[in-house]
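Here is a friendly tour of one model, from its strands to its aromatic rings and a few backbone details. Please keep the viewer open while you read.

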Amino acid sequence: MSGNAISNAKPIKKQDYQQLLTKLKSLLPDGLTLYQYGSAGKKEISGDADFFLSSSELLSVLPSHRDGNLLESRKLLQEHFINQGLQSTRTGVSVHVGVPLNNEIIQVDLTAIDRKSTRLNSSHTDISRMP
């Protein structure tokens, strides 16, 4: 029971969720807001932790060489994590990162989407990276 995009990833325990969140926020580029979804932090054990990112924020924080190229901005986010010595990969519209926590690696899935099309303002918990 764990995510499969990051090798050797372990499940996240409910009691470790806030610590994971704090660690993840410290690893993200400034200016990105996390929107929690999925079961992590709610169930006793989850295979991974899932978050939405606003595509407009991602494009603003990690602009592509071609205006509005979200694919390129996702690649820049992956490179941001790799440059910090973390395992990271991309599949479809998600960037996956292995976040070290308590001597284990936890898979976090970050999906950049348009806020308006998914109603992020009202249906998901936002967790700002801004200090």
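Strands β4 and β7 (residues 104–113) run parallel and are joined by six bridges. Helices (H or I, at least four residues) and strands (E, at least two) are DSSP runs, numbered from the N terminus, and two strands pair if DSSP finds at least two bridges between them. This is a predicted model, in which local features need pLDDT of at least 70 and side-chain atom pairs count only at pLDDT 80 or more, while totals for chains, interfaces and linings use all residues. Residues are numbered from 1 along each chain as its sequence is written, and side-chain values use heavy atoms, with hydrogens and water left out.

**Strand β4 and its partners**

At the β7 side, serine 54 stands opposite isoleucine 113. Isoleucine 113 is buried, with 15% relative accessibility; buried means under 20% relative accessible area, exposed over 50%, and partly exposed in between (1.4 Å probe, protein chains only). Isoleucine 113 also sits 8.2 Å from serine 56, C-alpha to C-alpha, although 57 residues separate the two in sequence.

β4 has a second partner: β2 and β4 pair in the antiparallel sense over four bridges. In that pairing, tyrosine 37 has aspartate 50 of β4 as its bridge partner. The C-alpha atoms of glutamine 36 and phenylalanine 52 are separated by 6.5 Å, and the two residues are 16 apart along the chain.

How many of the residues of β4 are buried? The count is six of six, so to speak a mostly covered strand. Ala49, Phe51 and Leu53 point one way from β4, Asp50, Phe52 and Ser54 point the other way, and all are buried.

**Two aromatic pairs**

A pair of aromatic rings is described by the distance of the centres and the angle of the planes. Rings of Phe, Tyr and Trp (its six-membered ring) pair if their centres lie within 6.5 Å; planes under 30 degrees apart count as stacked, over 60 as edge-to-face and the rest as tilted. By this rule there are two aromatic pairs, set out here.

| Pair | Centre to centre | Angle between planes | Class |
|---|---|---|---|
| Tyrosine 17 and phenylalanine 51 | 6.4 Å | 15 degrees | stacked |
| Tyrosine 37 and phenylalanine 52 | 4.0 Å | 15 degrees | stacked |

The pair of tyrosine 17 and phenylalanine 51 links distant parts of the chain: tyrosine 17 is in helix α1 (residues 17–27) and phenylalanine 51 in strand β4 (residues 49–54), 34 residues apart. Tyrosine 17 is buried at a relative accessible area of 5%, and phenylalanine 51 is buried at 1%.

Tyrosine 37 lies in β2 and phenylalanine 52 in β4, so their pair ties together parts that are 15 residues apart in sequence. Here tyrosine 37 is partly exposed, with a relative accessible area of 24%, whereas phenylalanine 52 is buried at 13%.

**Glutamine 36 and helix α1**

Glutamine 36 belongs to strand β2 (residues 33–37) and is buried, with a relative accessible area of 14%. What joins the side chains of glutamine 36 and tyrosine 17? They share a polar contact of 3.4 Å. Such a contact is a pair of N or O atoms within 3.5 Å; within protein, one must be able to donate a hydrogen and the other to accept it, and residues adjacent in sequence count only if both atoms are side-chain atoms. The side chain of glutamine 36 also reaches the backbone oxygen of alanine 40, at 3.3 Å.

Tyrosine 17 brings us to α1, where Tyr17, Leu20, Leu21, Leu24 and Leu27 are buried. Seen down the axis of α1, its buried residues fall within an arc of 125 degrees, so they line one face of the helix; the arc is that of the directions from the helix axis to the C-beta atoms. On the other side of α1, Gln18 and Thr22 are exposed.

**Two asparagines with positive phi**

Most residues other than glycine have a negative phi. Asparagine 8, in the segment before β1 (12–13), has a positive phi near 65 degrees and is exposed, with a relative accessible area of 66%. Asparagine 102, in the loop between β6 (94–101) and β7, has a positive phi of about 50 degrees. At 45% relative accessibility, asparagine 102 is partly exposed.
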